[in-house]
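Trainee: I am new to this one. Please pick one part and take me through it closely.

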Amino acid sequence: MSSSVKKKVLVTGSSGFIGSHLISKFNHLGYEVIKVSRSRKTASHVIKNISGDTEWSDILEDVEVIVHCAAAVHQMNLSENTLNSYQQLNIEGTINFASKAAKAGVKRFIFISSIKVNGEKTPIGRPFLFDDPRRAEDPYGISKAKAEEGLEEIASKTNLEVTIIRPPLVYGPDVRANFASLLKLASKNFPLPFGAINNKRSFVALDNLVDLIITCIDHPNAANQTFLVSDDNDVSTSELYSVMVESFGKKAMLININPYFLRLLAQLFGKKEMIERLCGDLRIDISHTKNTLDWMPVVSLAEGVKKCASSLISNK
């Protein structure tokens with residue numbers, strides 16, 4: 001970091017997967033942090049039900065930077081409540097928050113978006129670029145895209161600097177959902193039919209995402225920019241599973257089954273979206289991020305997965 005004076009930072013989603021790790025890093029670096037959560041974990045968290053009507057003036061005094069991590073997260077099975085959350089929190093809540101921040105004199109608003117704004121998959125040999133048109137397909141990605149559009153409009157009319165970060169799947173200690181399920185199978189060296197899958201997907205270790213966010217706090221080139229982020233090491237599903245198994249000191253057992261048959265079975269059992277994540281490509285080019293910010297990922301995929309494995313072992 002270029003500045004020796006520590007800024008006053010506000011972090012939403014402070015009790016979440018990304019927010020909690022980010023705050024831990026901020027505390028270590030000596031920042032003054034306001035922690036905002038939708039559900040209290042400790043007395044030090046400010047509770048806010050984030051929507052288009054939320055009042056923020058009570059906690060924005062002297063805040064220089066906001067890192068907006070709070071979001072209604074992606075869900076495979078959509079309900080009316082989930083769709084309402086996307087609208088109220090991801091879109092209206094974000095835009096209202098940035099508008100109030102601009103009026104309060106906040107300098108920079110860092111928005112944790114999603115690579116889903118770019119789309120669900122990439123064609124072979126053509127990764128997503130930072131300046132690609134928004135082509136969100138599912139309701140979650142669309143909600144993030146609309147929030148980005150609203151933020152850019154606010155930035156164009158005020159002095160608020162907006163920085164947008166679009167991560168792919170984020171993994172780290174205490175990771176949940178599909179990555180955690182795969183990691184548990186890897187810990188048992190369960191044989192899986194991934195041997196013939198030769199796709200390429202980008203992932204980002206939590207350490208790398210947090211480091212990029214911190215870089216964007218006061219980097220002059222981060223103002224009004226969109227950054228894609230990853231480990232800068234695209235891997236196939238078979239390679240990822242092998243790295244997971246190796247992190248437990250074992251050698252992966254992979255069965256070769258044609259991906260065509262895997263897709264056919266998935267279609268029969270209503271798991272088309274899941275199998276596309278396993279067999280399809282989703283690649284990210286982070287050249288713009290590295291060049292603009294003079295930034296590089298701080299941990300490798302193998303190092304990041306090893307931390308996940310260690311966390312799983314210790315939690316057992």
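Mentor: A polar contact is a pair of N or O atoms within 3.5 Å; within protein, one must be able to donate a hydrogen and the other to accept it, and residues adjacent in sequence count only if both atoms are side-chain atoms. This is a predicted model, where local features need pLDDT of at least 70, side-chain atom pairs count only at pLDDT 80 or more, and totals for chains, interfaces and linings use all residues. Residues are numbered from 1 along each chain as its sequence is written, and side-chain values use heavy atoms, leaving out hydrogens and water.

Start with a serine pair. The side chains of Ser-15 and Ser-37 make a polar contact of 2.9 Å. Ser-15 sits in the loop between strand 1 and helix 1 (helices, H or I of at least four residues, and strands, E of at least two, are DSSP runs numbered from the N terminus). Ser-15 counts as buried because its relative accessibility is 18% (buried is under 20% relative accessible area, exposed over 50%, partly exposed in between, with a 1.4 Å probe and protein chains only).

Now the part to look at: the largest nonpolar core. A nonpolar core is a set of buried Ala, Val, Leu, Ile, Met, Phe, Trp, Tyr and Cys residues joined through side-chain atoms within 4.5 Å. This one has 35 residues. Val-11, Leu-22, Phe-26, Val-67 and Ile-165 touch the most other members. Several elements each supply at least two residues. They are strand 1 (8-12), helix 1 (17-29), strand 4 (65-68), strand 5 (108-112), helix 5 (206-218) and strand 9 (225-228). Helix 5 gives the largest share of this core, eight residues.

Helix 5 itself is mostly covered, with 11 of its 13 residues buried. Among the buried ones are Leu-206, Leu-209, Val-210, Leu-212, Ile-213, Ile-214 and Ile-217. Polar residues are on that list too, including Asn-208, Thr-215 and Asp-218.

Leu-22 shows how the core is joined. Contact here means heavy atoms within 4.5 Å. Not counting residues up to four places away in sequence, Leu-22 touches Val-11, Val-67 and Cys-69. It also touches Val-210, Ile-213 and Ile-214. Those last three are on the buried list of helix 5.

There is a second, separate core of 31 residues. Leu-183, Val-243, Leu-262 and Cys-308 are among its members.

Next, follow the chain on from helix 5. Asn-224 lies in the loop between helix 5 and strand 9. Asn-224 is partly exposed because its relative accessible area is 48%. Its phi is positive, about 55°, although it is not a glycine. Most residues other than glycine have a negative phi.

Past strand 9 comes another such residue. Asp-232 is in the loop between strand 9 and helix 6 (237-247). Asp-232 is not a glycine either, yet has a positive phi of about 65°. It counts as partly exposed because its relative accessibility is 38%.

Asp-232 also reaches along the sequence. Leaving out residues up to four places away, it touches Ile-286, Lys-290 and Pro-297. With Lys-290, the side chains are joined by a polar contact of 2.8 Å. Pro-297 is 65 residues from Asp-232 in sequence, but their C-alpha atoms are 7.3 Å apart in space.
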